[in-house]
Amino acid sequence: MKQPNVEIITQLAIHNIKQKELARKIDEREDETSRAINGNPAQRYVRIRNKIFDYFQIN
C-alpha cells in the first residue's frame, strides 16, 4: 500500500501541476495543502487530503 503523500505527489507529477495550483483548485490555503500532503494527522488536514483524493479520483 502506498503512503498517501507518495500517491498525491505522483498524481501532481502525472497531471503536471504544482501544490500551489492544486491548493487553488480545491480552494484551500497553500500551506495547509502542503501539510495535508505531508501527512499531518490533524482532522483539518485529513479533510483536505480527502478533497485531494476526490480531485484526483484516488480511491
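# Group meeting talk: helix H4 and its neighbours

Hi everyone, let me start with packing: the buried residues of helix H4 rest against helix H1 (4–15), H2 and H3. Please keep in mind as we go that this is a predicted model.

So which residues of H4 are the buried ones? They are Tyr 45, Ile 48, Arg 49, Ile 52, Phe 53 and Phe 56. If you look down the axis of H4, these buried residues fall within an arc of 145 degrees, so they line one face of the helix. As a reminder, an α-helix has 3.6 residues a turn, so residues three or four places apart point the same way. On the face of H4 turned away from that buried side, you will find the exposed residues Gln 43 and Asp 54.

A word on the geometry of the helix. H4 is built from 14 residues, and from its first C-alpha to its last it reaches 20 Å, close to the 20 Å expected at 1.5 Å a residue.

Let me stay at the end of H4 for a moment, with the aromatics. How many aromatic pairs does the structure hold? There is one. The partners are Tyr 55 and Phe 56, whose ring centres are 5.1 Å apart with planes at 75 degrees, so the pair is edge-to-face; the cut-off for that label is over 60 degrees. As for burial, Tyr 55 counts as partly exposed at 36% relative accessibility, while Phe 56 counts as buried at 7%.

Now step just past the helix. Right after H4, Gln 57 takes a positive phi of about 55 degrees, although Gln 57 is not a glycine. Why point that out? Most residues other than glycine have a negative phi. Is Gln 57 buried or exposed? It is exposed, with a relative accessible area of 71%.

We have another case of this kind at Asp 27. This residue sits in the loop between helix H2 (19–25) and helix H3 (30–37). Its phi is near 60 degrees, again a positive value in a residue other than glycine. Asp 27 is exposed too, at a relative accessible area of 65%.

That loop brings me to my favourite residue of the day, Glu 28, which is also placed between H2 and H3. Is Glu 28 buried or exposed? At 12% relative accessibility, Glu 28 counts as buried, because the cut-off for buried is under 20%. Setting aside neighbours within four places in sequence, Glu 28 is in contact with Ala 23, Thr 33, Arg 44, Arg 47, Ile 48 and Lys 51.

Two of those contacts deserve a closer look, since they are charged partners from H4. Glu 28 makes a salt bridge with Arg 44, and the closest N and O atoms are 3.2 Å apart. With Arg 44 in helix H4 and Glu 28 in the loop between H2 and H3, the pair ties together parts that are 16 residues apart in sequence. The side chains of Glu 28 and Arg 44 are also joined by a polar contact of 3.2 Å. Arg 44 counts as partly exposed, at 36% relative accessibility.

The other partner is Arg 47. Its salt bridge with Glu 28 has the closest N and O atoms 3.1 Å apart. Here too the pair links distant parts of the chain, with Glu 28 in the loop between H2 and H3 and Arg 47 in helix H4, 19 residues apart. Arg 47 is partly exposed, with a relative accessible area of 34%.

How many salt bridges turn up when the whole structure is searched? The answer is seven. One of the others joins Arg 29 to Glu 32, with the closest N and O atoms 3.8 Å apart. In that pair, Arg 29 counts as partly exposed at 49% relative accessibility, and Glu 32 counts as buried at 8%.

These pairs belong to a wider picture. Glu 28, Arg 29, Asp 31, Glu 32, Arg 35, Arg 44, Arg 47 and Lys 51 are linked in a network of salt bridges.

To wrap up, there are two things to look for on your screens. H4 has its buried residues lining one face, and those residues pack against H1, H2 and H3. Then find Glu 28 in the loop between H2 and H3, and follow the salt-bridge network from there to residues such as Arg 44 and Arg 47. Thanks for listening!

Technical notes: Residues numbered from 1 in each chain as written. Predicted model: local features only at pLDDT ≥ 70, side-chain atom pairs only at ≥ 80, totals over all residues. Heavy atoms only, no water. Helix = DSSP H or I, 4+ residues; strand = E, 2+ residues; numbered from the N terminus. Buried < 20%, exposed > 50% of the residue type's maximum accessible area, 1.4 Å probe, protein only. Expected span 1.5 Å × (residues − 1). Arc of directions from axis to C-beta. Contact = heavy atoms within 4.5 Å. Salt bridge = Lys/Arg side-chain N within 4 Å of Asp/Glu carboxyl O. Phe/Tyr/Trp six-rings, centres within 6.5 Å; stacked < 30°, edge-to-face > 60°. Polar contact = N/O pair within 3.5 Å; in protein donor to acceptor, adjacent residues only side chain to side chain.
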